[in-house]
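Thanks for coming, everyone. Please look at the screen while I talk. I will start with the charges and then walk along the chain.

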Amino acid sequence: MAKSDREQLKAWIDEDRDTLVAFLRAFVRCKGPNPPGDTRSTADFLTGELEARGLDYRIISPHPEMPNIVATFEAGQPGKHLVLNGHIDVFPVADDGLGWTRDPWGGELVDGKVYGRGAADMKCGTSASIWTYIYLSRIKDRLKGRLTLTAVSDEETFGPYGARYLMEHHPEVHGDALLNGEPSSPFSVRFGEKGPLWLEFTVRTAGAHGAYTHATASATKIAMALAARLEDVTAIEPELSDNIMRGIDAGRATMDRAMGKGAGDIVDKVTLNIGTIKGGVKVNMVPSSAVFETDIRLPLGVTRERVLAEVEKILKGFPDATVKETNCNLPSWVDPGCDIIEIVQSTVQELRGFRPTPIVSLGGTDARLWRYRNIPTCVYGPFPNGMGSHDEHVDVEEFLHIVRTHVLASYDYMTR
């Protein structure tokens, strides 16, 4: 008896196990740290894989060093439009790899795990998107609707040249639903995320010789005091509907499992991180200037305006300080019972015997751009092991599970 298309998809993934792992390792070896954000060699690697399989694509590159890959096929019958999204830039590696026990750019396979910057965030998930597109293109005549692949640059700094550019200038990538493979853990699906509000504070004073502390206030001391007072913003309470609050409460334990103990406690809290601080010129001079940057995360139910009003109130006590907003992406969410989330949950139930819990992410992703347009969106990816830190890695079996889930869930979406 001939295999069904669904059975054939499973068989292809099993047959291609070694190929898929080799692909991920080679993908990790493609450097694309952002900043600075040059992903041209990474894009060349991915387009080479598409070309080798006879698949057409477009390069949309508003920045010459940050190409975006877009590929689309029409299925054999009318239906909905599913968009696959993943980014190809990664966090930088700090201090020449200090703290890493493996080559950050080596893609080493050790004890069933692939190591390297971007392995979890998010070359595992982007690989799942690419291979979903490759596999489903083989049976496109028997599917419904349209499938679009977007492999984008400029995500790690919320920059304007990646998915933001596509969403603003190429509405053909909007679609009817989005599937994204950012790190989430196999036990959770993300229906929303907190939003970053980045503020830069500058303190200026007269400055003086280091022995003449009577002559002027210290810009660095004022900056440190101001940074401490900014903790007041974390007391702002969210205003949420009962059903969204129940959804957040139901996911707290899963958030701890996915993002580490304590994640569930802060998902509905405003958080403050002092990301950088610079001040002074020389140890024996009273500093005349200091600058520090804050990353304030807005939970669902807290507006930018409420936080800025609290900041302005705090600044009244620091006349030597000014503030500038450098970035803001508001929190976003969709109905946790939307069709693409339900399909992914059912697929995982079939493959692994459990149903992943809908949760809200602490970090930001490009998925927010689709949520802003009320497009049903699901984020399902691996554990964030070492994400933004050292020894980033993904378990091979987990990687293969993410690929299977994306392929089969996309198939189910395009055959309903």
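Let's start with charge. The chain carries 46 positive side chains and 57 negative ones. How far apart do the centres of the two sets lie? They lie 1 Å apart. Keep in mind that this is a predicted model.

Now the overall build. The chain has twelve helices and 18 strands. Its radius of gyration is 23 Å, and the globule rule gives 22 Å for 416 residues. Those two values are close, so the chain is as compact as a globular protein of that length. Along its principal axes, the C-alpha trace spans about 90 × 45 × 40 Å.

What about the inside and the outside? Of the 416 residues, 54% count as buried. The chain exposes about 17300 Å². Carbon and sulfur atoms supply 50% of that area.

Next, contacts. Take the contacts in the chain with a separation of 6 or more. Residues 24 or more positions apart account for 81% of them.

On to the cysteines. A quick reminder first. A disulfide is a covalent bond between the sulfur atoms of two cysteines. How many disulfides does the count give here? The count comes to zero. Look at C30, which is in no disulfide. The nearest cysteine sulfur to that of C30 belongs to C124, and it is 16 Å away. The cut-off for a disulfide is 2.5 Å between the sulfur atoms, so that pair does not count. C124 is in no disulfide either. For C124 the nearest cysteine sulfur is that of C378, 14 Å away. Are these two residues buried or exposed? C30 is buried, with a relative accessible area of 12%. C124 is buried too, at 0% relative accessibility.

Now go to helix α1, residues 5-15. Which of its residues are buried? They are D5, R6, L9, A11, W12 and I13. What do they pack against? Four helices are listed: α2 (17-29), α4 (119-137), α10 (339-352) and α12 (396-413). Here is a general point about helices. An α-helix has 3.6 residues a turn, so residues three or four places apart point the same way. With that in mind, pick out R6, L9 and W12 from the buried set.

Just past α2, we meet two prolines. P35 lies in the loop between α2 and α3 (40-52). P36 is found in that loop as well. Which peptide bonds are cis here? One joins N34 and P35, with omega about 5°. Another joins P35 and P36, and omega is again about 5°. So much for the prolines.

Next stop, backbone angles. F158 has a positive phi of about 55°, although it is not a glycine. F158 is in the loop between β6 (144-152) and α5 (163-169). It is buried, with a relative accessible area of 7%. S185 also has a positive phi, about 95°, and S185 is not a glycine. You will find S185 in the loop between β7 (177-180) and β8 (188-193). S185 is buried, at 0% relative accessible area.

Let's visit an exposed spot. A211 lies in the loop between β10 (208-209) and α6 (219-229). Its relative accessible area is 56%. The cut-off for exposed is over 50%, so A211 counts as exposed. Now compare A211 with V110. They are 101 residues apart along the chain, and their C-alpha atoms are separated by 56 Å.

Then I248, in helix α7, residues 242-259. I248 is buried, with a relative accessible area of 2%. What does I248 touch, leaving aside its neighbours within four places in sequence? It is in contact with L240, M255, V267 and V360. D56 is 192 residues from I248 in sequence, and the two are 41 Å apart in space, C-alpha to C-alpha.

Last stop, N273 in strand β11, residues 271-279. At 40% relative accessibility, N273 counts as partly exposed. N273 and D295 are 22 residues apart along the chain, yet their C-alpha atoms are separated by 5.1 Å. Which residues does N273 contact, its neighbours within four places in sequence aside? They are E293, T294 and D295.

That's the tour. Any questions?

Notes. Residues numbered from 1 in each chain as written. Predicted model: local features only at pLDDT ≥ 70, side-chain atom pairs only at ≥ 80, totals over all residues. Heavy atoms only, no water. Helix = DSSP H or I, 4+ residues; strand = E, 2+ residues; numbered from the N terminus. Rg over C-alpha atoms; globule rule 2.2 N^0.38 Å. Buried < 20%, exposed > 50% of the residue type's maximum accessible area, 1.4 Å probe, protein only. Contact = heavy atoms within 4.5 Å. Areas by Shrake-Rupley, 256 points an atom, 1.4 Å probe, with all protein chains shown as cover. Lys, Arg positive; Asp, Glu negative; His and termini not counted. Charge placed at Lys NZ, Arg CZ, Asp CG, Glu CD.
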